[in-house]
Amino acid sequence: MKGSLNKDSGEKVIWDQMRSSTGNPLPGPGSQSSRATPKLLVWLILFVSVTYIVYTLKLVSTSRAACDDVDDPFSTPRHITTTTSLLANTNNNNNNVTEDRTAQILRLEPEPEPEKTDVKHIAFGIAASAKLWAQRKNYIKLWYKPDSMRGVVWLDRGVANRSGEGLPPLKISGDTSGFGYTNKQGHRSAIRISRIVSETLRLGLKDVRWFVMGDDDTVFVTDNLVRVLRKYDHTQYYYIGSLSESHLQNIFFSYGMAYGGGGFAISYPLAEALSKMQDRCIQRYPGLYGSDDRMQACMAELGVPLTKELGFHQYDVYGNLFGLLAAHPVAPLVTLHHLDVVEPIFPNVTRVQALQQLMVPVKLDSAGIMQQSICYDKSKSWTISVSWGFAVQIFRGVFSPREMEMPSRTFLNWYRRADFTAYAFNTRPVSRNPCQKPFVFYLSKAKFNSTMNTTFSEYVQHRVPHPLCKWKMADPARFEKVEVYKKPDPQLWNRSPRRNCCRVRNPKQKKGTMVIDVGLCKEGEISEI
(Lines give C-alpha, C1' and ligand atoms only; values in the text may rest on other atoms or scores of the structure.)
Protein backbone atom coordinates (compact mmCIF):
# COMPACT_ATOMS: atom_id res chain seq x y z
CA MET A 1 0.00 0.00 0.00
CA LYS A 2 2.92 2.15 0.78
CA GLY A 3 4.34 1.51 -2.67
CA SER A 4 1.00 2.32 -4.16
CA LEU A 5 0.94 5.63 -2.33
CA ASN A 6 4.36 6.58 -3.64
CA LYS A 7 3.33 5.77 -7.15
CA ASP A 8 0.26 7.98 -6.87
CA SER A 9 2.38 10.86 -5.54
CA GLY A 10 4.82 10.69 -8.55
CA GLU A 11 1.99 10.71 -11.05
CA LYS A 12 0.50 13.76 -9.34
CA VAL A 13 3.71 15.68 -9.68
CA ILE A 14 3.99 14.85 -13.40
CA TRP A 15 0.38 15.84 -13.89
CA ASP A 16 0.86 19.13 -12.15
CA GLN A 17 3.85 19.94 -14.40
CA MET A 18 1.78 19.24 -17.49
CA ARG A 19 -0.89 21.62 -16.23
CA SER A 20 1.60 24.43 -15.68
CA SER A 21 2.06 26.68 -18.77
CA THR A 22 5.65 27.42 -17.79
CA GLY A 23 6.62 23.90 -17.33
CA ASN A 24 7.26 24.56 -13.62
CA PRO A 25 5.47 22.56 -11.00
CA LEU A 26 2.51 24.32 -9.52
CA PRO A 27 3.25 25.25 -5.99
CA GLY A 28 1.53 23.28 -3.54
CA PRO A 29 0.52 24.18 -0.03
CA GLY A 30 3.52 24.50 2.28
CA SER A 31 6.17 24.54 -0.59
CA GLN A 32 8.65 27.53 0.30
CA SER A 33 11.54 26.52 -1.98
CA SER A 34 9.19 26.34 -4.90
CA ARG A 35 8.07 29.98 -4.30
CA ALA A 36 11.66 31.40 -3.85
CA THR A 37 13.14 30.03 -7.06
CA PRO A 38 11.03 32.11 -9.52
CA LYS A 39 11.88 35.39 -7.66
CA LEU A 40 15.59 34.73 -8.02
CA LEU A 41 15.22 34.05 -11.70
CA VAL A 42 13.21 37.24 -12.22
CA TRP A 43 15.88 39.39 -10.54
CA LEU A 44 18.62 37.70 -12.55
CA ILE A 45 16.75 38.31 -15.81
CA LEU A 46 16.05 41.92 -14.81
CA PHE A 47 19.77 42.57 -14.00
CA VAL A 48 20.91 41.11 -17.29
CA SER A 49 18.34 43.15 -19.21
CA VAL A 50 19.28 46.42 -17.56
CA THR A 51 22.97 45.75 -18.15
CA TYR A 52 22.32 45.01 -21.79
CA ILE A 53 20.23 48.17 -22.25
CA VAL A 54 22.87 50.39 -20.61
CA TYR A 55 25.67 48.85 -22.68
CA THR A 56 23.62 49.20 -25.90
CA LEU A 57 22.81 52.87 -25.23
CA LYS A 58 26.47 53.63 -24.57
CA LEU A 59 27.53 51.89 -27.77
CA VAL A 60 24.88 53.71 -29.82
CA SER A 61 25.90 57.13 -28.48
CA THR A 62 29.61 56.50 -29.26
CA SER A 63 28.80 55.36 -32.80
CA ARG A 64 26.67 58.46 -33.43
CA ALA A 65 29.50 60.77 -32.39
CA ALA A 66 31.87 58.97 -34.74
CA CYS A 67 29.36 59.23 -37.59
CA ASP A 68 28.90 62.93 -36.95
CA ASP A 69 32.65 63.42 -37.34
CA VAL A 70 32.62 61.64 -40.68
CA ASP A 71 29.60 63.52 -41.99
CA ASP A 72 31.13 66.92 -41.14
CA PRO A 73 34.67 67.08 -42.66
CA PHE A 74 35.25 70.51 -41.14
CA SER A 75 34.58 69.46 -37.57
CA THR A 76 37.47 69.01 -35.21
CA PRO A 77 37.66 65.78 -33.20
CA ARG A 78 38.37 66.13 -29.55
CA HIS A 79 41.83 64.63 -29.70
CA ILE A 80 42.75 66.91 -32.65
CA THR A 81 41.28 69.87 -30.85
CA THR A 82 43.57 69.21 -27.98
CA THR A 83 46.60 69.04 -30.29
CA THR A 84 45.51 72.22 -32.07
CA SER A 85 45.25 74.00 -28.80
CA LEU A 86 48.80 73.04 -27.97
CA LEU A 87 50.01 74.17 -31.40
CA ALA A 88 48.09 77.43 -31.08
CA ASN A 89 49.78 78.13 -27.83
CA THR A 90 53.16 77.40 -29.43
CA ASN A 91 52.34 79.57 -32.46
CA ASN A 92 51.24 82.40 -30.21
CA ASN A 93 54.60 82.25 -28.49
CA ASN A 94 56.43 82.17 -31.84
CA ASN A 95 54.33 85.06 -33.14
CA ASN A 96 55.24 87.09 -30.12
CA VAL A 97 58.93 86.41 -30.77
CA THR A 98 58.51 87.25 -34.51
CA GLU A 99 56.68 90.46 -33.70
CA ASP A 100 59.45 91.45 -31.35
CA ARG A 101 62.07 90.79 -34.04
CA THR A 102 59.99 92.64 -36.65
CA ALA A 103 59.71 95.60 -34.34
CA GLN A 104 63.47 95.57 -33.90
CA ILE A 105 63.99 95.46 -37.71
CA LEU A 106 61.51 98.27 -38.28
CA ARG A 107 63.31 100.40 -35.77
CA LEU A 108 66.48 100.03 -37.88
CA GLU A 109 67.09 102.19 -40.96
CA PRO A 110 66.01 100.53 -44.26
CA GLU A 111 68.81 99.10 -46.38
CA PRO A 112 69.55 101.56 -49.21
CA GLU A 113 69.15 100.49 -52.84
CA PRO A 114 72.37 99.91 -54.81
CA GLU A 115 73.64 103.16 -56.22
CA LYS A 116 73.17 103.54 -59.96
CA THR A 117 76.24 103.84 -62.13
CA ASP A 118 77.17 107.47 -62.66
CA VAL A 119 80.02 109.33 -64.30
CA LYS A 120 81.91 109.32 -61.00
CA HIS A 121 82.20 105.52 -61.30
CA ILE A 122 84.04 105.79 -64.64
CA ALA A 123 87.80 106.16 -65.06
CA PHE A 124 88.81 107.45 -68.49
CA GLY A 125 92.07 106.37 -70.08
CA ILE A 126 92.95 108.68 -72.98
CA ALA A 127 95.64 107.70 -75.48
CA ALA A 128 97.58 110.73 -76.74
CA SER A 129 100.83 111.60 -78.44
CA ALA A 130 103.09 114.52 -77.59
CA LYS A 131 103.34 115.42 -81.26
CA LEU A 132 99.60 116.19 -81.64
CA TRP A 133 98.81 117.17 -78.07
CA ALA A 134 98.64 120.95 -78.60
CA GLN A 135 95.92 120.50 -81.22
CA ARG A 136 93.93 117.57 -79.92
CA LYS A 137 93.66 118.59 -76.29
CA ASN A 138 90.94 120.99 -77.43
CA TYR A 139 88.69 118.04 -78.21
CA ILE A 140 89.10 116.74 -74.66
CA LYS A 141 88.19 120.15 -73.21
CA LEU A 142 84.82 119.92 -74.96
CA TRP A 143 83.54 117.00 -72.92
CA TYR A 144 85.80 116.44 -69.90
CA LYS A 145 84.65 118.03 -66.60
CA PRO A 146 87.43 117.85 -63.98
CA ASP A 147 85.03 118.58 -61.12
CA SER A 148 82.89 115.50 -61.74
CA MET A 149 85.02 113.12 -63.83
CA ARG A 150 88.16 111.08 -63.35
CA GLY A 151 90.67 110.15 -65.98
CA VAL A 152 94.27 110.17 -67.14
CA VAL A 153 95.87 111.19 -70.42
CA TRP A 154 98.69 108.76 -71.24
CA LEU A 155 101.46 110.26 -73.39
CA ASP A 156 104.56 108.86 -75.01
CA ARG A 157 106.70 111.65 -73.55
CA GLY A 158 106.36 114.82 -71.52
CA VAL A 159 104.65 117.97 -72.85
CA ALA A 160 104.22 121.50 -71.60
CA ASN A 161 101.21 121.58 -69.34
CA ARG A 162 99.39 124.58 -67.94
CA SER A 163 97.13 124.24 -64.92
CA GLY A 164 93.52 125.34 -65.12
CA GLU A 165 92.90 124.10 -68.66
CA GLY A 166 90.21 121.70 -67.55
CA LEU A 167 92.14 118.62 -68.64
CA PRO A 168 92.74 115.27 -66.95
CA PRO A 169 96.12 114.63 -65.29
CA LEU A 170 98.94 113.79 -67.72
CA LYS A 171 101.10 110.70 -67.27
CA ILE A 172 103.84 109.00 -69.24
CA SER A 173 103.18 105.42 -70.29
CA GLY A 174 105.40 102.67 -68.96
CA ASP A 175 108.41 101.34 -70.87
CA THR A 176 107.43 98.79 -73.54
CA SER A 177 110.85 98.22 -75.11
CA GLY A 178 110.90 94.67 -73.79
CA PHE A 179 107.89 93.65 -75.89
CA GLY A 180 108.35 92.32 -79.39
CA TYR A 181 106.80 94.13 -82.38
CA THR A 182 107.26 92.75 -85.87
CA ASN A 183 104.49 94.38 -87.94
CA LYS A 184 106.19 96.37 -90.70
CA GLN A 185 103.15 98.53 -91.47
CA GLY A 186 102.36 99.65 -87.93
CA HIS A 187 104.08 101.44 -85.08
CA ARG A 188 105.20 99.96 -81.80
CA SER A 189 103.33 102.70 -79.87
CA ALA A 190 100.40 100.30 -80.27
CA ILE A 191 101.85 98.25 -77.41
CA ARG A 192 101.94 101.31 -75.15
CA ILE A 193 98.35 102.23 -75.96
CA SER A 194 97.07 98.68 -75.48
CA ARG A 195 98.29 98.76 -71.85
CA ILE A 196 96.44 101.96 -70.89
CA VAL A 197 93.53 100.20 -69.16
CA SER A 198 95.90 98.12 -67.04
CA GLU A 199 98.05 101.14 -66.18
CA THR A 200 94.98 103.16 -65.19
CA LEU A 201 93.81 100.29 -62.98
CA ARG A 202 97.15 100.22 -61.16
CA LEU A 203 96.69 103.84 -60.11
CA GLY A 204 94.33 102.51 -57.44
CA LEU A 205 91.42 104.89 -58.00
CA LYS A 206 88.58 104.21 -55.54
CA ASP A 207 85.00 103.23 -56.36
CA VAL A 208 85.65 102.61 -60.07
CA ARG A 209 83.17 100.41 -61.91
CA TRP A 210 84.21 100.96 -65.52
CA PHE A 211 87.39 101.83 -67.39
CA VAL A 212 86.66 103.69 -70.62
CA MET A 213 89.30 103.93 -73.33
CA GLY A 214 89.44 106.63 -76.00
CA ASP A 215 91.84 108.63 -78.16
CA ASP A 216 92.74 112.29 -77.82
CA ASP A 217 90.48 113.04 -80.81
CA THR A 218 87.53 111.13 -79.37
CA VAL A 219 84.59 113.23 -78.17
CA PHE A 220 82.31 111.60 -75.59
CA VAL A 221 78.68 112.38 -74.84
CA THR A 222 79.14 111.33 -71.23
CA ASP A 223 75.45 111.32 -70.25
CA ASN A 224 74.76 108.77 -72.95
CA LEU A 225 77.85 106.79 -71.99
CA VAL A 226 76.42 106.49 -68.50
CA ARG A 227 73.03 105.45 -69.92
CA VAL A 228 74.66 102.65 -71.88
CA LEU A 229 76.78 101.38 -68.98
CA ARG A 230 73.82 101.35 -66.60
CA LYS A 231 72.33 98.53 -68.65
CA TYR A 232 75.13 96.18 -67.61
CA ASP A 233 76.24 94.61 -64.33
CA HIS A 234 79.60 96.15 -63.53
CA THR A 235 80.49 93.19 -61.28
CA GLN A 236 80.60 90.88 -64.31
CA TYR A 237 83.05 90.67 -67.23
CA TYR A 238 82.03 93.13 -69.96
CA TYR A 239 83.90 94.43 -73.01
CA ILE A 240 81.65 97.02 -74.68
CA GLY A 241 82.23 98.95 -77.90
CA SER A 242 81.55 98.93 -81.61
CA LEU A 243 83.01 98.12 -85.02
CA SER A 244 84.45 100.15 -87.84
CA GLU A 245 82.22 101.60 -90.55
CA SER A 246 84.56 99.95 -93.06
CA HIS A 247 83.82 96.35 -93.91
CA LEU A 248 87.42 95.94 -95.07
CA GLN A 249 88.74 97.22 -91.74
CA ASN A 250 86.60 94.68 -89.91
CA ILE A 251 87.78 91.91 -92.21
CA PHE A 252 91.46 92.80 -91.79
CA PHE A 253 91.22 93.12 -88.02
CA SER A 254 88.11 91.52 -86.54
CA TYR A 255 84.36 91.79 -86.43
CA GLY A 256 84.69 90.91 -82.75
CA MET A 257 86.97 93.85 -81.91
CA ALA A 258 86.08 97.20 -80.34
CA TYR A 259 87.84 100.07 -82.06
CA GLY A 260 89.65 102.21 -79.51
CA GLY A 261 89.17 105.50 -81.33
CA GLY A 262 85.43 105.00 -81.12
CA GLY A 263 85.90 104.18 -77.46
CA PHE A 264 85.23 101.05 -75.48
CA ALA A 265 84.40 100.19 -71.87
CA ILE A 266 85.77 97.40 -69.67
CA SER A 267 84.20 96.47 -66.34
CA TYR A 268 86.39 96.60 -63.25
CA PRO A 269 86.57 92.80 -62.67
CA LEU A 270 87.57 92.28 -66.30
CA ALA A 271 90.21 95.00 -66.03
CA GLU A 272 91.64 93.22 -62.99
CA ALA A 273 91.77 89.91 -64.85
CA LEU A 274 93.32 91.63 -67.87
CA SER A 275 96.06 93.33 -65.83
CA LYS A 276 97.19 89.98 -64.45
CA MET A 277 97.78 88.42 -67.85
CA GLN A 278 98.08 91.22 -70.40
CA ASP A 279 101.88 91.47 -70.54
CA ARG A 280 102.16 87.71 -71.17
CA CYS A 281 99.35 87.98 -73.72
CA ILE A 282 101.02 90.84 -75.62
CA GLN A 283 104.24 88.83 -75.94
CA ARG A 284 102.31 86.16 -77.82
CA TYR A 285 101.14 88.57 -80.57
CA PRO A 286 104.16 90.55 -81.84
CA GLY A 287 102.83 90.55 -85.40
CA LEU A 288 99.55 92.38 -84.75
CA TYR A 289 99.16 95.89 -86.15
CA GLY A 290 97.58 98.08 -83.48
CA SER A 291 96.46 98.37 -79.89
CA ASP A 292 92.83 97.42 -80.55
CA ASP A 293 93.62 94.00 -82.00
CA ARG A 294 96.04 93.29 -79.15
CA MET A 295 93.30 94.10 -76.67
CA GLN A 296 90.85 91.87 -78.50
CA ALA A 297 93.39 89.03 -78.61
CA CYS A 298 93.65 89.18 -74.81
CA MET A 299 89.85 89.32 -74.51
CA ALA A 300 89.70 86.16 -76.61
CA GLU A 301 92.14 84.43 -74.25
CA LEU A 302 89.94 85.51 -71.34
CA GLY A 303 86.90 84.20 -73.22
CA VAL A 304 85.05 87.53 -73.21
CA PRO A 305 83.23 88.54 -76.44
CA LEU A 306 82.53 92.06 -77.59
CA THR A 307 79.18 93.49 -76.49
CA LYS A 308 78.23 95.81 -79.34
CA GLU A 309 76.68 99.22 -78.78
CA LEU A 310 75.88 101.21 -81.91
CA GLY A 311 76.47 104.61 -80.32
CA PHE A 312 80.28 104.21 -80.26
CA HIS A 313 81.53 105.62 -83.57
CA GLN A 314 84.97 104.97 -85.01
CA TYR A 315 84.15 106.87 -88.22
CA ASP A 316 86.70 105.23 -90.47
CA VAL A 317 85.61 107.46 -93.36
CA TYR A 318 86.72 110.57 -95.20
CA GLY A 319 84.77 113.58 -96.35
CA ASN A 320 81.47 114.80 -94.92
CA LEU A 321 79.82 113.01 -92.00
CA PHE A 322 76.44 114.54 -92.80
CA GLY A 323 74.89 111.36 -94.21
CA LEU A 324 75.90 109.34 -91.15
CA LEU A 325 74.83 111.91 -88.58
CA ALA A 326 71.52 112.79 -90.25
CA ALA A 327 70.50 109.10 -90.20
CA HIS A 328 71.92 108.09 -86.85
CA PRO A 329 70.83 104.61 -85.72
CA VAL A 330 68.15 104.29 -83.04
CA ALA A 331 70.71 104.28 -80.23
CA PRO A 332 72.19 106.94 -77.95
CA LEU A 333 75.08 108.89 -79.46
CA VAL A 334 78.10 108.05 -77.28
CA THR A 335 81.23 109.05 -79.21
CA LEU A 336 82.59 110.76 -82.31
CA HIS A 337 86.08 110.05 -83.66
CA HIS A 338 88.53 110.95 -86.43
CA LEU A 339 87.38 114.54 -86.25
CA ASP A 340 90.70 115.69 -87.68
CA VAL A 341 90.14 113.56 -90.78
CA VAL A 342 86.57 114.52 -91.71
CA GLU A 343 85.11 117.93 -92.49
CA PRO A 344 83.58 120.05 -89.68
CA ILE A 345 80.10 118.79 -88.90
CA PHE A 346 78.65 122.31 -89.33
CA PRO A 347 79.54 124.47 -92.34
CA ASN A 348 81.61 127.64 -92.27
CA VAL A 349 83.20 127.01 -88.85
CA THR A 350 86.24 125.18 -87.52
CA ARG A 351 86.05 121.63 -86.25
CA VAL A 352 86.21 122.68 -82.62
CA GLN A 353 83.65 125.45 -83.13
CA ALA A 354 81.30 122.98 -84.81
CA LEU A 355 81.54 120.63 -81.83
CA GLN A 356 80.99 123.50 -79.42
CA GLN A 357 77.80 124.28 -81.30
CA LEU A 358 76.71 120.64 -81.01
CA MET A 359 77.24 120.69 -77.24
CA VAL A 360 74.46 123.29 -76.83
CA PRO A 361 71.59 120.85 -77.59
CA VAL A 362 73.53 118.06 -75.87
CA LYS A 363 73.20 119.97 -72.60
CA LEU A 364 69.46 120.43 -73.16
CA ASP A 365 68.54 116.85 -74.11
CA SER A 366 71.52 114.52 -74.39
CA ALA A 367 69.31 111.44 -74.84
CA GLY A 368 67.71 112.89 -77.97
CA ILE A 369 70.80 114.31 -79.68
CA MET A 370 71.09 113.26 -83.35
CA GLN A 371 67.93 111.12 -83.14
CA GLN A 372 66.12 110.99 -86.47
CA SER A 373 62.39 111.55 -86.95
CA ILE A 374 60.63 111.11 -90.31
CA CYS A 375 57.38 112.79 -91.30
CA TYR A 376 55.53 114.19 -94.31
CA ASP A 377 53.89 117.42 -95.36
CA LYS A 378 50.93 115.91 -97.18
CA SER A 379 49.70 119.18 -98.61
CA LYS A 380 52.99 119.69 -100.46
CA SER A 381 54.08 116.06 -100.94
CA TRP A 382 57.31 116.66 -99.07
CA THR A 383 59.40 114.24 -97.01
CA ILE A 384 60.98 115.73 -93.88
CA SER A 385 63.81 114.25 -91.82
CA VAL A 386 64.74 115.80 -88.47
CA SER A 387 68.07 114.90 -86.88
CA TRP A 388 67.40 116.64 -83.58
CA GLY A 389 70.13 119.06 -82.50
CA PHE A 390 71.91 118.79 -85.85
CA ALA A 391 69.94 119.32 -89.05
CA VAL A 392 66.58 119.19 -90.83
CA GLN A 393 66.17 118.01 -94.44
CA ILE A 394 63.24 118.71 -96.73
CA PHE A 395 62.83 116.58 -99.87
CA ARG A 396 60.44 117.10 -102.75
CA GLY A 397 58.43 113.94 -103.25
CA VAL A 398 57.83 110.97 -101.02
CA PHE A 399 60.65 108.81 -99.68
CA SER A 400 59.80 105.78 -97.57
CA PRO A 401 61.13 105.56 -94.00
CA ARG A 402 63.09 102.52 -95.13
CA GLU A 403 65.03 104.75 -97.53
CA MET A 404 65.37 107.69 -95.15
CA GLU A 405 66.88 105.68 -92.31
CA MET A 406 69.78 104.67 -94.58
CA PRO A 407 72.74 107.11 -94.53
CA SER A 408 73.24 108.94 -97.80
CA ARG A 409 76.75 108.61 -99.24
CA THR A 410 78.16 112.02 -98.45
CA PHE A 411 81.39 110.35 -97.21
CA LEU A 412 84.15 108.21 -98.70
CA ASN A 413 85.45 104.83 -97.62
CA TRP A 414 88.58 104.53 -95.49
CA TYR A 415 90.09 102.61 -98.39
CA ARG A 416 89.83 105.15 -101.16
CA ARG A 417 89.61 102.59 -103.94
CA ALA A 418 86.67 100.83 -102.31
CA ASP A 419 83.08 101.63 -103.28
CA PHE A 420 79.83 101.60 -101.29
CA THR A 421 79.90 97.81 -101.05
CA ALA A 422 82.81 98.11 -98.61
CA TYR A 423 80.66 99.60 -95.82
CA ALA A 424 79.51 97.47 -92.91
CA PHE A 425 75.95 98.85 -93.19
CA ASN A 426 73.39 99.85 -95.81
CA THR A 427 73.73 103.21 -97.56
CA ARG A 428 71.77 105.04 -100.24
CA PRO A 429 73.18 107.09 -103.09
CA VAL A 430 72.86 110.83 -103.23
CA SER A 431 69.92 111.46 -105.55
CA ARG A 432 70.83 112.39 -109.14
CA ASN A 433 67.41 113.84 -109.83
CA PRO A 434 67.77 117.63 -109.45
CA CYS A 435 64.30 117.86 -107.93
CA GLN A 436 65.13 115.38 -105.17
CA LYS A 437 68.22 117.12 -103.87
CA PRO A 438 67.46 117.86 -100.20
CA PHE A 439 67.20 121.33 -98.74
CA VAL A 440 69.35 121.26 -95.61
CA PHE A 441 68.76 123.42 -92.54
CA TYR A 442 71.54 123.35 -89.93
CA LEU A 443 71.16 124.06 -86.22
CA SER A 444 71.67 127.75 -85.44
CA LYS A 445 70.50 127.96 -81.83
CA ALA A 446 68.73 125.98 -79.12
CA LYS A 447 67.24 126.88 -75.77
CA PHE A 448 64.98 125.49 -73.06
CA ASN A 449 61.63 126.91 -71.96
CA SER A 450 61.28 125.92 -68.32
CA THR A 451 57.65 127.08 -68.16
CA MET A 452 56.58 124.79 -71.00
CA ASN A 453 59.25 122.16 -70.25
CA THR A 454 60.09 122.24 -73.95
CA THR A 455 63.23 122.71 -75.99
CA PHE A 456 63.19 125.12 -78.88
CA SER A 457 65.76 124.62 -81.65
CA GLU A 458 66.12 126.69 -84.77
CA TYR A 459 67.62 125.46 -88.04
CA VAL A 460 68.65 127.85 -90.80
CA GLN A 461 68.77 126.90 -94.47
CA HIS A 462 72.23 126.21 -95.82
CA ARG A 463 72.24 128.32 -98.95
CA VAL A 464 73.91 126.44 -101.80
CA PRO A 465 73.03 126.47 -105.51
CA HIS A 466 70.21 124.09 -106.40
CA PRO A 467 69.71 122.75 -109.92
CA LEU A 468 66.59 123.79 -111.77
CA CYS A 469 63.60 121.58 -110.95
CA LYS A 470 60.75 121.35 -113.47
CA TRP A 471 58.34 119.61 -111.13
CA LYS A 472 55.13 121.56 -110.60
CA MET A 473 55.13 121.46 -106.82
CA ALA A 474 55.93 123.73 -103.89
CA ASP A 475 59.56 124.80 -103.54
CA PRO A 476 61.17 124.35 -100.09
CA ALA A 477 63.60 127.16 -100.93
CA ARG A 478 61.03 129.70 -99.76
CA PHE A 479 61.58 128.61 -96.16
CA GLU A 480 64.37 130.45 -94.40
CA LYS A 481 64.34 128.40 -91.22
CA VAL A 482 62.72 125.51 -89.38
CA GLU A 483 61.64 125.64 -85.74
CA VAL A 484 61.48 122.36 -83.82
CA TYR A 485 59.76 121.95 -80.46
CA LYS A 486 60.57 118.93 -78.37
CA LYS A 487 60.18 118.00 -74.70
CA PRO A 488 63.36 116.61 -73.09
CA ASP A 489 63.07 112.87 -72.59
CA PRO A 490 65.79 111.57 -70.25
CA GLN A 491 63.99 108.20 -70.03
CA LEU A 492 64.11 107.68 -73.80
CA TRP A 493 66.59 104.80 -73.63
CA ASN A 494 64.88 103.10 -70.68
CA ARG A 495 62.15 102.04 -73.11
CA SER A 496 62.32 99.76 -76.11
CA PRO A 497 64.14 101.39 -79.07
CA ARG A 498 61.87 103.40 -81.33
CA ARG A 499 62.25 106.54 -83.42
CA ASN A 500 60.41 109.61 -82.26
CA CYS A 501 57.61 110.92 -84.45
CA CYS A 502 57.43 114.41 -85.94
CA ARG A 503 54.42 116.47 -86.99
CA VAL A 504 54.44 119.43 -89.35
CA ARG A 505 52.61 122.58 -88.27
CA ASN A 506 52.23 125.52 -90.61
CA PRO A 507 51.15 128.56 -88.62
CA LYS A 508 50.17 131.32 -91.03
CA GLN A 509 51.69 134.03 -88.86
CA LYS A 510 55.22 132.64 -89.37
CA LYS A 511 55.88 133.24 -93.03
CA GLY A 512 59.04 131.62 -94.31
CA THR A 513 59.25 129.36 -91.26
CA MET A 514 58.30 125.70 -90.93
CA VAL A 515 57.27 124.58 -87.44
CA ILE A 516 57.66 120.94 -86.39
CA ASP A 517 56.81 119.08 -83.20
CA VAL A 518 58.99 116.10 -82.25
CA GLY A 519 58.19 113.64 -79.51
CA LEU A 520 57.00 110.18 -78.58
CA CYS A 521 54.75 108.55 -81.13
CA LYS A 522 51.09 108.56 -80.15
CA GLU A 523 48.97 105.43 -80.10
CA GLY A 524 48.67 104.18 -83.67
CA GLU A 525 50.92 106.90 -85.09
CA ILE A 526 53.32 105.82 -87.83
CA SER A 527 55.41 107.52 -90.52
CA GLU A 528 53.15 107.41 -93.56
CA ILE A 529 51.68 109.81 -96.07
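## Pairing pattern of the cysteines

When the bonded cysteines of the chain are numbered in sequence order, they pair as 1-2, 3-7, 4-5 and 6-8. This pattern is read from a predicted model, in which four disulfides are found. Three of these links are described below, each with its position in the chain, its handedness and the burial of its cysteines.

## The link between two helices

Cysteine 281 and cysteine 298 are joined by a disulfide, with a distance of 2.2 Å from S to S. Because cysteine 281 belongs to helix α9 (residues 268-283) and cysteine 298 to helix α10 (residues 291-302), the pair ties together parts that lie 17 residues apart in sequence. The angle about the S-S bond is -110 degrees, and the link of cysteine 281 and cysteine 298 is left-handed.

Are the two cysteines of this link buried or exposed? Cysteine 281 has a relative accessible area of 0% and is therefore buried, and cysteine 298, at 0% relative accessibility, likewise counts as buried.

## The link between two loops

A further disulfide connects cysteine 435 with cysteine 469, where the S to S distance is 1.9 Å. The torsion about the S-S bond of this pair, cysteine 435 and cysteine 469, is about 110 degrees, which means that the disulfide is right-handed. Cysteine 435 sits in the loop between β14 (411-413) and β15 (439-449), while cysteine 469 sits in the loop between β16 (454-461) and β17 (481-486), so the disulfide ties together parts that are 34 residues apart in sequence.

Both positions can be judged against the cut-off for burial, which is under 20% relative accessible area. Cysteine 435, with a relative accessible area of 3%, is buried, and cysteine 469, with a value of 16%, is buried as well.

## The link from strand β18

The disulfide between cysteine 501 and cysteine 521 has an S to S distance of 1.9 Å. Its torsion about the S-S bond is about 95 degrees, and the disulfide of cysteine 501 and cysteine 521 is therefore right-handed. Since cysteine 501 lies in strand β18 (residues 501-505) and cysteine 521 in the segment after β19 (513-519), this pair ties together parts that are 20 residues apart in sequence.

As for the surroundings of this link, cysteine 501 is buried, and cysteine 521 is buried too.

Definitions and conventions: Residues are numbered from 1 along each chain as its sequence is written. This is a predicted model: local features need pLDDT of at least 70, side-chain atom pairs count only at pLDDT 80 or more; totals for chains, interfaces and linings use all residues. Side-chain values use heavy atoms; hydrogens and water are left out. A disulfide is a pair of cysteine sulfur atoms within 2.5 Å. Helices (H or I, at least four residues) and strands (E, at least two) are DSSP runs, numbered from the N terminus. Buried means under 20% relative accessible area, exposed over 50%, partly exposed in between (1.4 Å probe, protein chains only).
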